[in-house]
Amino acid sequence: MAEDDSQEKTEEASGRKIEKAREEGQVPRSRDLTTSVVLLLGSIGLLYFSDYMGGKFVEMTRANFVISREAIFDPNAMIGHFASAMYMGLISLVPFMALMLVASIVGPVALGGWLFSGDALMPKLSRMDPLAGLKRMFSMKAVVELLKASAKVTIILGTTILLLKYYAQPMFRISDEEVGAAIIHSVDISAYALIILSACTLLIAAVDVPWQLYEYNKKLKMSKQEVKDESKDTDGKPEVKGRIRQLQREMAQRRMMSNVPSADVIITNPTHYAVALKYNPESMATPILLAKGGDNIALKIREIAKAHDIEIIESPVLARAIFHTTELDAEIPAGLYLAVAQVLAYVFQLRTYRKGRGQKPKYPTNLNVPRDMYFD
C-alpha cells in the first residue's frame, strides 16, 4: 500500500531540523574532497619543502657519520647524538607536518563548516545490525560509491599513462646525467607527476560535493506532519499561545496608558469610546493617536486624563471615527484633519485663556467629520 501523502518527505528541512542535525554531528561531508585537498597540498608541500628537508637530512647524516673515537666508546655521547638526530629530524618535518595539519582541517571544513559534536562519537548499536549493513551494501549510495571508485581508477590510470608518455624521453636521459643532477631531475619529475595525479582527484571531488549536498538535503527532508508537529513544538500549544497573546495585550495596554499623560486632548463618546491625541507643531506634521479604548479602557483613559488635567472633549462622531480608522502611534487620516484641527485649536486657546491671556474660546459644536467616517 502506498504511504500516505502526509508522510512523504516532500518538504525542505526547517532551520530547527538543520540545527538539530548539526547538534547530532550530521553535516555534509565529502571524503573525496578531503582526500584531494590532503594529496594536493601534500604533494605541493613536498616539492616546496624538499630543499629544506633534504638539507636537514644531509646535516643530520653528516653529524652522525663523523664521530670521534672517544664518542664511540662514550654511552652519554651516543645518547646525545641520538637525541640530536631526533631533534633535527623533527625540525625538518615541522613545516610539512604543519601544512598537512592545515590540509586535514581545511578539507572537511570546506564542506559543512566547523563542527564538533559529542553525539557523533557515541557508539550506536544500529551500526552493528547485519540487516542494516546488507541494506547499505545494496543501496543507491553503495552504487554511487562503486561508480566513484571506478572513476578514480580510470582517471588515475589514464593520467598515469599520459604522464609516462610525456616524461618518457626525460626519464631515459637521466641515465646519461651525473649522479647529483640525475637525483635532482628524478625528484622533480616525481614531484610534478605527483602534483598532477593529486589534482586529478579534484575531478571526482567536483562530482562528489554536489552529490553529498543532495543526499544531505534529501535525508533531512520532512513530511507535512513533521512540519506541523515542529510548528506546534516551536510555537507552543494553543492555550499557551493564547496566554502569550493575552500578556502581550496587557503589556500593550500598560504601555498605551503610560502615554496618556502626555496627550493634548481626550475625545470621548462620551462613555463608550475615548481617544487620546497629541500634536506638537514644531516636530509633528499631523496629530498622532496615543491611546484608544472602549468601555473600561475608555473609562481608565478618562480617569488618567482628569488626574493630569488633560482637556476632555465630548464628540461621539469624531471619537468613533478616530477609534475605527486610526492605529496606535499613527497619524490621523486626512479626512479628519479639519475636525481635529478645530478641537486642538479650542484646546490651545483654552490653555491661553486660563493663563490670563486672550478671550475665552467657544466650544466647537459642528465638527466637520466626513459622512463616510460615521460609525455606529
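Buried, in these notes, means under 20% relative accessible area, while exposed means over 50%. I keep in mind throughout that the model is predicted.

**Entry 1, neighbouring rings.** I looked for aromatic pairs and found that the structure holds 4 of them. One of these joins Tyr-48 and Phe-49, whose ring centres are 5.1 Å apart and whose planes stand at 85°, an edge-to-face arrangement. I then asked which of the two rings' residues is buried and which is exposed. Phe-49 has a relative accessible area of 18%, so I note Phe-49 as buried, whereas Tyr-48 reaches 65% and therefore counts as exposed.

**Entry 2, a pair across the chain.** Next I looked up Tyr-273 and Phe-323, where the centres lie 4.6 Å apart and the planes meet at 55°, so I recorded the pair as tilted. This pair links distant parts of the chain, since Tyr-273 belongs to strand S2 (residues 273-278) and Phe-323 to helix H12 (residues 316-325), with the two positions 50 residues apart in numbering. I checked accessibility here as well: Tyr-273 is buried at 18%, and Phe-323 is also counted as buried, at 19%.

**Entry 3, charges over rings.** What sits over the ring of Phe-323? I found the charged end of Lys-292 there, 5.2 Å from the ring centre, so Phe-323 takes part both in the tilted pair with Tyr-273 and in this contact with Lys-292. I also looked at Tyr-374 and noted that Arg-371 lies over the face of its ring, at 4.2 Å from the centre.

Methods: Residues numbered from 1 in each chain as written. Predicted model: local features only at pLDDT ≥ 70, side-chain atom pairs only at ≥ 80, totals over all residues. Heavy atoms only, no water. Phe/Tyr/Trp six-rings, centres within 6.5 Å; stacked < 30°, edge-to-face > 60°. Buried < 20%, exposed > 50% of the residue type's maximum accessible area, 1.4 Å probe, protein only. Helix = DSSP H or I, 4+ residues; strand = E, 2+ residues; numbered from the N terminus. Lys NZ or Arg CZ within 6 Å of the ring centre and 35° of its normal.
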